[in-house]
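Reader: I would like a close look at a single part of this model, taken slowly and with its surroundings in view. Please choose one helix and its neighbourhood, and set it against the chain as a whole.

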Amino acid sequence: MSDVPFGFSPHDPDDKSGKPGDNPFDFSQLGNMLSQLGAMLSSAGSSSGPVNYDLAKQIAFQQLSSSTTTIGFAADQSSAVTDAVHLAEMWLDPVTSLPAGTRTTQAWTARDWVERTIPTWQRLCDPVAQRMSGAWVEAMPAEAKQAAGPLLSMLGQMGGMAFGSQLGNALAQLGAEVLTSTDVGLPLGPEGTAALLPANIEKFTEGLERPASEVMVFLAAREAAHQRLFTHVPWLRQRLLDTVEEFAKGIKVDTSALEQLAGQIDPSNPASIEEAMSSGMLEPQTTPEQKAALTRLETLLALVEGWVDVVVDAAVADRLPGAPALRETLRRRRASGGPAEQTFATLVGLELRPRRLRAASALWKLVGDQHGVEVRDSVWDHAELIPTAEDLDDPLEFAERLANTRKALEDPIAELERTMRENKGGDQPDEG
């Protein structure tokens, strides 16, 4: 690759000084590149914004149609899902203080999953894509912006197609493998809707040597537990989305990568833009602020999964003989870099490490054993009480601190008086 940054003309070969000319930026190069990329926009569809979601759905549906044959479900499959969720809800009632959050139970195809989760993916992906698109334009020299003029909108369309193509491929992969609406650990589906994907569950069950009905009820319990949490912890859904936005605000893109983009994209082959994106060529540099946001997001997702893991284990361990094996199978599924982790790492830059998930499970189990189910679940009442990444490293200290923290929140005046008494009885300087 040439050492000359994209958009700049090479030095005069006869100039031995090595200094660039007075006006090194080649505006014609920028215009030519954008004009060539215009040939790719004919298939962009009518979608506007930082991500072309029309293209994403088109790609996802096309890939799913070619890889799956299941169009719908028989009546007995839909009723099996309904019965499994109903049974799971009854088993969950004694082991958590959070009431049922499921208002509707549905059996989804992979296509249904894509259709019903697109609105949430839009909220997750738009901040990242918007920031990346804006970063490209912000980093351009003022002269280049003026020369490009309306062609900048073409660059935006190109970015929308790139993200749409990337998202479409990711959704197709996920749609063919996810087992429930919350399999990714996020509230992707409509609020209050517990959804299972029987065709995917059937494939998942192969080789497990467990009855299909047992696997269905186990997964229904996980789905129902997720719904209880997302329905009755009102701040949780928004906190997850806000943290993604915090990550997006710090995105910085090296625009010199656009030179490589121009060289790798074939205007006659729209798929080449997906290859360019998947190569990591335009991957933004991670700032300290972004790392902090990712740590918070990773921790919160681990806490959600850890709570569900503990609650479901308490609900089904004595009722389903294969529950321990199924629990470990799902953990290994995450540890092997399953579709959820890969997709989130690609679209948001987050990897949900299984080590954090196990640590979160251990923390919730310890809190429940020491303080009881009601205190454990009441931690979700206040965002200030939620464990941090440091607490996952030392769950015993968190469990010991929790009682005092709850007293302070429930009766701040009494806690202040207690603190003043302790200070008065200590070695305080005499102000008299």
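Author: What follows is a close look at helix H8, its partner H9 and the loops around them, with a few other places for context.

The model is a predicted one, and its protein chain has 19 helices and two strands. Buried residues make up 48% of the 432 residues in the chain, and the chain exposes about 20800 Å², of which carbon and sulfur atoms supply 50%. Among contacts between residues at least 6 apart in sequence, 79% join residues at least 24 apart.

Helix H8 covers residues 212-232. With its 21 residues, H8 reaches 30 Å from its first C-alpha to its last, which is close to the 30 Å expected at 1.5 Å a residue. This helix is mostly covered, since 18 of its 21 residues are buried.

The loop that leads from helix H7 (198-205) to H8 contains Glu 209, and two properties of this residue deserve attention. In general, most residues other than glycine have a negative phi. Glu 209 has a positive phi of about 60° although it is not a glycine. Its relative accessible area is 76%, over the 50% limit, and Glu 209 therefore counts as exposed.

After H8 comes helix H9 (residues 234-249). Two packed helices are described by the angle between their axes and the distance between the axes. For H8 and H9, the axes come within 4 Å and cross at roughly 90°, so the two helices are roughly perpendicular to each other. On the H8 side of the contact are Leu 229, Phe 230 and His 232, which meet Pro 234, Leu 236, Arg 237 and Leu 240 of H9. Sorted by class, this contact has five nonpolar residues, one polar and one charged.

Another approach to H8 is made by Thr 180, which is found in the loop between helix H6 (151-175) and strand E2 (193-196). Leaving aside neighbours within four places in sequence, Thr 180 is in contact with Trp 113, Ala 195, Leu 196, Leu 197, Leu 219 and Glu 223; among these, Leu 219 and Glu 223 fall within the residue range of H8. The C-alpha atom of Thr 180 is also separated by 9.9 Å from that of Ala 224, a residue 44 places away along the chain. Thr 180 has a relative accessible area of 6% and is therefore buried, the limit being under 20%.

Some further places help to put this part in context. Thr 120, in helix H4 (residues 110-139), counts as buried at 15% relative accessibility, and, with neighbours within four places in sequence left aside, Thr 120 is in contact with Pro 187 and Leu 188. Helix H12 (residues 288-316) has 29 residues and reaches 42 Å from its first C-alpha to its last, close to the 42 Å expected at 1.5 Å a residue. Of the 29 residues of H12, 21 are buried, so H12 is largely enclosed by the rest of the structure. Arg 355, by contrast, lies in helix H15 (residues 354-371) and counts as partly exposed at 48% relative accessibility. Arg 355 and Leu 392 are 37 residues apart in sequence, with 9.9 Å between their C-alpha atoms.

Technical notes:
Residues numbered from 1 in each chain as written. Predicted model: local features only at pLDDT ≥ 70, side-chain atom pairs only at ≥ 80, totals over all residues. Heavy atoms only, no water. Expected span 1.5 Å × (residues − 1). Buried < 20%, exposed > 50% of the residue type's maximum accessible area, 1.4 Å probe, protein only. Contact = heavy atoms within 4.5 Å. Areas by Shrake-Rupley, 256 points an atom, 1.4 Å probe, with all protein chains shown as cover. Axes fitted to C-alpha atoms, helices over the stretch in contact; angles between N-to-C directions. Parallel < 35°, antiparallel > 145°, perpendicular 65-115°, else oblique. Nonpolar A, V, L, I, M, F, W, Y, C, P; charged D, E, K, R; others polar.
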